[in-house]
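The following note sets out points for a colleague's consideration, in numbered form. Please read them alongside the sequence and the coordinates.

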Amino acid sequence: MQNGFCHPDGSFPRLGMGLEGAQDAVRNAAAAVAQAREAELPVIFTRHLYRTGRADEGAELRRTSPTLAGVDGLAAGSWDAEVMDELKCTGSDLIVDKVRFDAFQWTSLEPLLRGLGVGDLVICGVITNICVESTVRSAFMRDFPVTLLADCCAAKTRRLHDMSLEVLSSYQLARIERISDGFRLAG
């Protein structure tokens, strides 16, 4: 949940690629993060960002959103690439940077989780049907049981969000819960 995706002044909203329900998702995710900290569970943020020159963006990502580079969207070190202030990312939180939708691909996420002794994952974020779904599928294939907090996620449209939830739940790739329904993280 980075400024570029979720903040009204972020690159995605400015390019007409805003996410329906992003502000509600950020607010609910902030509550989930607070619960995790209270339960003394590790909090890991992933950030999708690109180095200067965007050599790590790749031809297919560049093809699907060519205007993003024009506004230097998600550039490493920029406000756009930072985690939303509402989530209160601190020095004790862990950050994994990524250049692809799947937070496991080409990152240190899996060894980090294994090193922490993490068995189950609780995931929230954006974009539900792209990065979140890719990461949930990848976690499932790595034998991490996943709880997906549906109201802590957002997509371009509510329909895309709901379709992703349906796919993930119907194939039992993730258990779907909602902070607003009273789900609580416990250590």
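How many disulfides does the structure hold? The structure holds zero. The model is a predicted one, and the points below should be read in that light.

1. Cysteines. Cys152 takes part in no disulfide, and the nearest cysteine sulfur, that of Cys124, is 4.9 Å away. Since the cut-off for a disulfide is a sulfur pair within 2.5 Å, the separation of 4.9 Å does not qualify. For Cys153 the closest cysteine sulfur is also in Cys124, at 6.1 Å, which is too far for a bond. Both residues are enclosed: Cys152 is buried with a relative accessible area of 0%, and Cys153 is buried with a value of 5%.

2. Strand 4. Strand 4 covers residues 146-154, and nine of its nine residues are buried, so the strand is largely enclosed by the rest of the structure. On one side, strand 4 is joined to strand 3 (residues 121-126) by five bridges, and the two run parallel. Within this pairing, Leu121 stands opposite Val146 of strand 4. The chain passes from strand 3 through helix 7 (residues 128-141) to strand 4, a β-α-β crossover that is right-handed.

3. Strand 5. Strand 4 also pairs with strand 5 (residues 175-177), in the parallel sense and over three bridges. Here Leu149 stands opposite Glu177 in strand 5. The connection from strand 4 to strand 5 runs through helix 8 (residues 158-170), and this β-α-β crossover is right-handed.

4. Largest nonpolar core. Which residues of the largest nonpolar core touch the most other members? They are Met1, Phe5, Cys6 and Val126, in a core of 31 residues. Helix 1 (3-6), helix 3 (22-38) and strand 4 are the elements that give two or more residues to this core. Helix 3 provides the largest share, seven residues. As general background, nonpolar side chains in soluble globular proteins tend to be buried together.

5. Contacts of Met1. Leaving aside residues up to four places away in sequence, Met1 touches a set that includes Cys6, Ala25, Val26 and Ala29. Also among its contacts are Glu82, Val83, Met84 and Leu87, as well as Gly125, Val126, Cys152 and Cys153. The two cysteines of this set are those discussed in point 1, where Cys152 is buried and Cys153 is buried.

6. Second core. A separate core of 20 residues is also present, and its members include Val96, Ala103, Ala139 and Leu168.

7. Aromatic pairs. A search of the whole structure finds two aromatic pairs. In one of them, Phe5 and Phe12 are tilted, at 4.5 Å centre to centre and 45° between the planes. Both of these residues are buried. Phe5 is also one of the residues that touch the most other members of the largest core. Phe104 and Phe144 form a pair that is stacked, at 6.2 Å centre to centre with 25° between the planes. This pair links distant parts of the chain, 40 residues apart: Phe104 is in the loop between strand 2 (94-98) and helix 6 (109-116), and Phe144 is in the loop between helix 7 and strand 4. Phe104 counts as buried at 4% relative accessibility, and Phe144 is buried with a relative accessible area of 2%.

8. Backbone at residue 127. Where is the cis peptide bond that deserves inspection? The bond from Val126 to Ile127 is cis, with omega near -5°. Ile127 is found in the loop between strand 3 and helix 7, and Val126 is one of the residues of the largest core that touch the most other members.

9. Positive phi values. Asp72 has a positive phi of about 55° although it is not a glycine. Asp72 lies in the loop between helix 5 (66-70) and strand 2, and at 45% relative accessibility it counts as partly exposed. Trp106, likewise a residue other than glycine, has a positive phi near 60°. Is Trp106 buried or exposed? Trp106 is exposed, with a relative accessible area of 63%, and it lies in the loop between strand 2 and helix 6.

Notes: Residues are numbered from 1 along each chain as its sequence is written. This is a predicted model: local features need pLDDT of at least 70, side-chain atom pairs count only at pLDDT 80 or more; totals for chains, interfaces and linings use all residues. Side-chain values use heavy atoms; hydrogens and water are left out. Buried means under 20% relative accessible area, exposed over 50%, partly exposed in between (1.4 Å probe, protein chains only). Helices (H or I, at least four residues) and strands (E, at least two) are DSSP runs, numbered from the N terminus. Two strands pair if DSSP finds at least two bridges between them. A crossover is right-handed if, with the strands pointing away from the viewer, the path from the first strand over the helix to the second runs clockwise. Rings of Phe, Tyr and Trp (its six-membered ring) pair if their centres lie within 6.5 Å; planes under 30 degrees apart count as stacked, over 60 as edge-to-face and the rest as tilted. A nonpolar core is a set of buried Ala, Val, Leu, Ile, Met, Phe, Trp, Tyr and Cys residues joined through side-chain atoms within 4.5 Å. Contact means heavy atoms within 4.5 Å.
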